[in-house]
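Work through the exercises below with the model open. Each task is followed by a stepwise solution.

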Amino acid sequence: MTRTETPVVRVARRRATLATGAVLLAGGDLGIKTWAAQALTDGHSIDIGLLQLRLAYNPGVAFSLGATLPAWIVFTATALITAALAVYAWRAARTGSLIMRLGLAAVPAGAVANLIDRGVDGAVTDYLHTGWFPTFNLADVFITGGGALLVLASLRTTSPSPDRSESGAS
């Protein structure tokens, strides 16, 4: 914190950075999904080493769970979860470490990108294929990687030791 930066300014800057990062990540994923939907049609795939770029659509959520449910139920449930994640990220950005704030930007970014994609046609566009794992997209990587960063941040956080007088010890 600089000498002229007040706590209110610091919180506003952290939240603006969080929102900007999330928007940029989500936009990147949506741009790649648009490209994939145009370039990988008719079963066309591109081999890039460990991965293949191959078009697939997932009407469900992770691992196609809920794929047989009506699209509006899946959309509504994911919208509610995404909104809760965004509220949590907004509030936690106030005091979170850098690692935590990176995770807080990545998870909602991936969730929002998949939600927007689902809202367009009732399914999420997937394009990263390994052959041994379900086909996924960059938004899924953001959600998983962001979650890993949040776990790492929680492991690095030290809890204050309880005061002996509060614990009843004498």
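**Exercise 1. Classify Phe133 and Phe136 by burial, then describe their ring pair.**

Step 1. Phe133 has 36% relative accessibility, so Phe133 counts as partly exposed. The scale runs: buried under 20% relative accessible area, exposed over 50%, partly exposed in between, with a 1.4 Å probe and protein chains only.

Step 2. Phe136 has a relative accessible area of 18%, so Phe136 is buried.

Step 3. Rings of Phe, Tyr and Trp (its six-membered ring) pair if their centres lie within 6.5 Å; planes under 30 degrees apart are stacked, over 60 edge-to-face, and the rest tilted. The count under this rule is 2 aromatic pairs. For Phe133 and Phe136, the ring centres are 6.0 Å apart and the planes stand at 80 degrees, so this pair is edge-to-face.

Step 4. Trp132 joins Phe133 and Phe136 in one aromatic cluster.

A note on the model: it is predicted, so local features need pLDDT of at least 70 and side-chain atom pairs count only at pLDDT 80 or more, while totals for chains, interfaces and linings use all residues. Residues are numbered from 1 along each chain as its sequence is written, and side-chain values use heavy atoms, with hydrogens and water left out.

**Exercise 2. Describe how H1 packs on H3.**

Step 1. Locate the helices: H1 spans residues 7–39 and H3 spans residues 98–121. Helices (H or I, at least four residues) and strands (E, at least two) are DSSP runs, numbered from the N terminus.

Step 2. Their axes lie 8 Å apart, at an angle of about 40 degrees. That makes H1 oblique to H3. Under 35 degrees is roughly parallel, over 145 roughly antiparallel, 65 to 115 roughly perpendicular, and the rest oblique. Axes are lines fitted to C-alpha atoms, for helices over the stretch in contact, with angles from 0 to 180 degrees between N-to-C directions.

Step 3. List contacts (heavy atoms within 4.5 Å). On H1, they include Leu18, Ala22 and Leu25; on H3, they include Leu104, Ala105 and Ala109.

**Exercise 3. Is Thr78 buried or exposed, and which residues does Thr78 touch?**

Step 1. Thr78 sits in H2, residues 71–92.

Step 2. Its relative accessibility is 16%, so Thr78 counts as buried.

Step 3. Leaving out residues up to four places away in sequence, Thr78 touches Val61, Leu115 and Arg118.

**Exercise 4. Summarise the fold.**

Step 1. The protein has 4 helices and 3 strands.

Step 2. Along the sequence, the pattern is α-β-β-α-α-β-α.
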